[in-house]
Amino acid sequence: MTVHELLSARVAEALAAAGAPDAPPVVQPSSKPEFGDYQANGVMGAAKALKTNPRELAAKVVAALQLDGIADKVEIAGPGFINITLSSGFLADTVARQQADVRLGCGARQPAKVVIDYSSPNLAKEMHVGHLRSTIIGDALARVLTFRGDQVIRQNHVGDWGTQFGMLTAFLVETEQAGNDELALDDLEGFYRAAKQRFDEDAAFADLARDYVVKLQGGDVRVRALWQRFLEVSLAHCEAVYDRLNVQLTRDDVMGESAYNDDLPRVVADLKAKGLVTEDQGAQVVYLEEFRSKEGEAQAYIVQKQDGGYLYSTSDLAALRHRFGTLHANRLLYVVDARQGLHFQQVFVLGRKAGYIDDSVATEHVAFGTMMGEDGKPFKTRSGGTVKLVELLDEAERRAFDLVSEKNPDLPEAQRRTIARAVGIGAVKYADLSKHRTSDYIFDWNTMLSFEGNTAPYLQYAYTRMASIFRAAGEFDRHARLLPVEPAEHALALQLAQFPDLLAQVSGETCPHFLCGYLYQLATRFSRFYEACPVLKAEGEVRASRLALCAAAANTLRTGLGLLGIEVLDAM
Ligand code: ARG
């Protein structure tokens with residue numbers, strides 16, 4: 001049981017003993033140290049329901065509250081808040097138990113089977129900043145859920161299908177004939193632009209491209225092979241980015257739109273058989289009662305175009321059916337731009353109506369906002385183009401290298417490069433992950449690379465400080481008995497004890513920024529502890545306890561940053 005679960009259970013029992021058996025205990029970490037470590041705020045609601053005086057009810061609850069060995073102090077405050085201060089023995093035991101567990105006490109009670117759809121770029125072009133958020137938010141969630149024991153199935157739902165690929169494969173044939181295809185594919189962005197230009201300017205080429213789409217979808221061997229070659233190059237580009245971002249997606253996780261090709265006619269036929277489809281100007285359309293425009297008109301969900309072609313929306317229905325029906329997941333996460341909100345609501349509602357999923361599965365659109373430039377408009381290059389992710393990461397490392405070289409000019413260059421990689425990439429990822437995912441945020445190099453505040457460099461630096469303590473300490477017992485008696489020790493141990501509850505929250509609400517906030521607070525509490533309580537100069541069991549506390553803090557910080565896919569260093 002986590003600390004929060006334990007306190008909630010005990011307060012609930014006390015409420016029952018005081019005559020309010022169904023009242024929710026409402027336990028939460030206190031907002032200020034004066035209010036103890038936790039507050040139980042359920043008494044007010046219970047008193048209202050029972051039409052009794054809340055202070056009197058609080059007194060009864062406190063009298064019945066069994067917290068022996070858990071809390072040192074229980075106080076009633078204000079209209080009936082119950083403030084709980086945990087005992088140092090309880091904190092010591094809790095932290096020790098967590099540190100002895102590979103999951104740091106974070107194992108989920110009921111592990112789920114979770115599909116996480118993330119990154120999912122369109123392969124027609126190179127990955128650009130628009131893919132950054134899905135890639136790193138999704139990866140952090142996949143790591144957190146895996147760490148808690150969920151069975152995570154990553155699905156990289158890449159855009160590898162549709163009309164664009166007719167154009168690209170047709171253009172590949174042309175460039176091949178001209179003998180410079182290898183070169184051309186090095187720059188996918190340029191390749192796409194050139195193909196598009198040919199398509200727009202030359203009607204014969206456009207016809208050829210359309211013919212290729214038909215051949216591609218019909219399974220023509222030659223066109224499929226060309227398409228495959230193109231995908232190979234494009235996926236290799238993505239993998240290079242994943243590698244640099246320390247993102248755990250592999251080839252095995254790729255399950256693109258094309259994978260559902262054979263299923264699409266069946267999905268449409270099935271929807272028709274179930275009477276869900278209307279024909280509208282030759283297209284096959286679903287109108288759902290649930291979705292109406294402001295004017296009251298039903299919103300269309302097109303599953304087949306007039307020309308017989310299928311759409312993004314069709315493959316998402318096939319994917320939904322696959323994830324539930326074949327993969328048997330009971331939680332489906334889609335880490336996709338907030339602007340696709342309506343699309344996913346439609347997919348989920350329609351999927352339920354069509355029987356592709358049932359009520360045993362949770363479907364969640366893990367929406368995120370837009371990354372903005374310093375001008376407050378969507379992030380672009382100076383000339384207004386899209387920023388390639390590779391270039392953004394190059395710049396991050398370059399800037400971090402300059403910073404590190406300034407701070408530590410005497411380190412060998414190779415080491416400065418290693419540090420720059422961890423700091424630069426960590427900064428970009430952390431800046432994104434630390435914002436509430438649904439808000440738009442301004443991408444700002446100076447803030448994200450700062451060694452102060454809620455940033456990756458600050459946390460990475462805090463870790464190196466811990467590492468340097470261990471170097472200076474020499475051999476010591478990481479599992480020595482903890483004696484968190486000083487206020488700063490108490491605060492740090494409390495923070496550590498809250499890690500399992502925090503990860504449960506990150507998982508439940510699919511919000512990595514809670515983890516960032518937690519780690520920042522952990523680092524802050526650590527530095528307060530380190531200022532207030534001498535470690536290496538202490539003696540005997542106090543020294544042993546403080547070193548073990550440092551070890552627990554370092555372990556939790558490293559684990560937490562690892563769950564965000566951010567590296568730590570022993571020195572920087
Ligand atoms: N390829 C799409 C895009 O770039 C994202 C796909 C997200 N996943 C999904 N199942 N629709 O916008």
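These legends go with a set of close-up views of a predicted model.

**Figure 1. The whole chain, for orientation.** Before zooming in, here's the full predicted protein, with 21 helices and 13 strands. Its C-alpha atoms fit in a box of roughly 85 × 70 × 40 Å along the principal axes. Of the 572 residues, 45% count as buried. If you take the contacts with a sequence separation of 6 or more, 73% of them link residues 24 or more positions apart.

**Figure 2. Two stretches that UniProt labels as domains.** An unreviewed UniProt entry lists residues 1-86 as "domain: Arginyl tRNA synthetase N-terminal". That span is 41% helix and 22% strand, and its end C-alpha atoms sit 15 Å apart. The unreviewed entry also gives "domain: DALR anticodon binding" for residues 459-572. Here the chain is 71% helix and 0% strand, with 12 Å between the end C-alpha atoms.

**Figure 3. Helix α18 against helix α20.** Look for α18 at residues 487-497 and α20 at residues 513-532; their axes are 8 Å apart, at an angle of about 155°. That angle makes the two helices roughly antiparallel, and α18 passes α20 in a left-handed crossing. On the α18 side, the residues to pick out are A488, E489, A491, L492 and Q495. They meet Q521, L522, R525, F526, R528, F529 and A532 of α20. Sorted by class, this contact has 7 nonpolar, 2 polar and 3 charged residues.

**Figure 4. Helix α4 against helix α18.** Now α18 turns up again, this time with α4 (residues 88-99); the axes come within 9 Å and cross at roughly 45°. At that angle, α4 and α18 are oblique to each other, and α4 goes past α18 in a left-handed crossing. From α4, the contact uses S88, L91, A92, T94 and V95. From α18, it uses H490, A493, L494, L496 and A497. The tally here is 7 nonpolar, 3 polar and no charged residues.

**Figure 5. K435, a buried lysine in a loop.** To find K435, go to the loop between α15 (413-433) and β13 (441-442). Is K435 buried or exposed? It's buried, because 20 other C-beta atoms lie within 10 Å, and 20 or more is what it takes to count as buried. Leaving out residues up to four places away in sequence, K435 touches Y441 and H513. F514 is worth finding too: K435 and F514 are 79 residues apart in sequence, yet 9.0 Å apart in space from C-alpha to C-alpha.

**Figure 6. L104 and S119, two loop residues with positive phi.** Most residues other than glycine have a negative phi. L104 isn't a glycine, but its phi is positive, at about 50°. You'll find L104 in the loop between α4 and β5 (113-117). L104 counts as buried because it has 21 C-beta neighbours inside 10 Å. S119 also has a positive phi, near 70°, without being a glycine. Its place is the loop between β5 and α5 (132-147). With 29 C-beta neighbours inside 10 Å, S119 counts as buried as well.

Technical notes:
Residues numbered from 1 in each chain as written. Predicted model: local features only at pLDDT ≥ 70, side-chain atom pairs only at ≥ 80, totals over all residues. UniProt positions renumbered as here; feature names shortened; annotations may be inferred. Helix = DSSP H or I, 4+ residues; strand = E, 2+ residues; numbered from the N terminus. Axes fitted to C-alpha atoms, helices over the stretch in contact; angles between N-to-C directions. Parallel < 35°, antiparallel > 145°, perpendicular 65-115°, else oblique. Left-handed = near helix turned anticlockwise from the far one by under 90°. Contact = placed C-beta atoms within 7 Å. Nonpolar A, V, L, I, M, F, W, Y, C, P; charged D, E, K, R; others polar. Buried ≥ 20, exposed ≤ 12 C-beta atoms within 10 Å, placed from the backbone.
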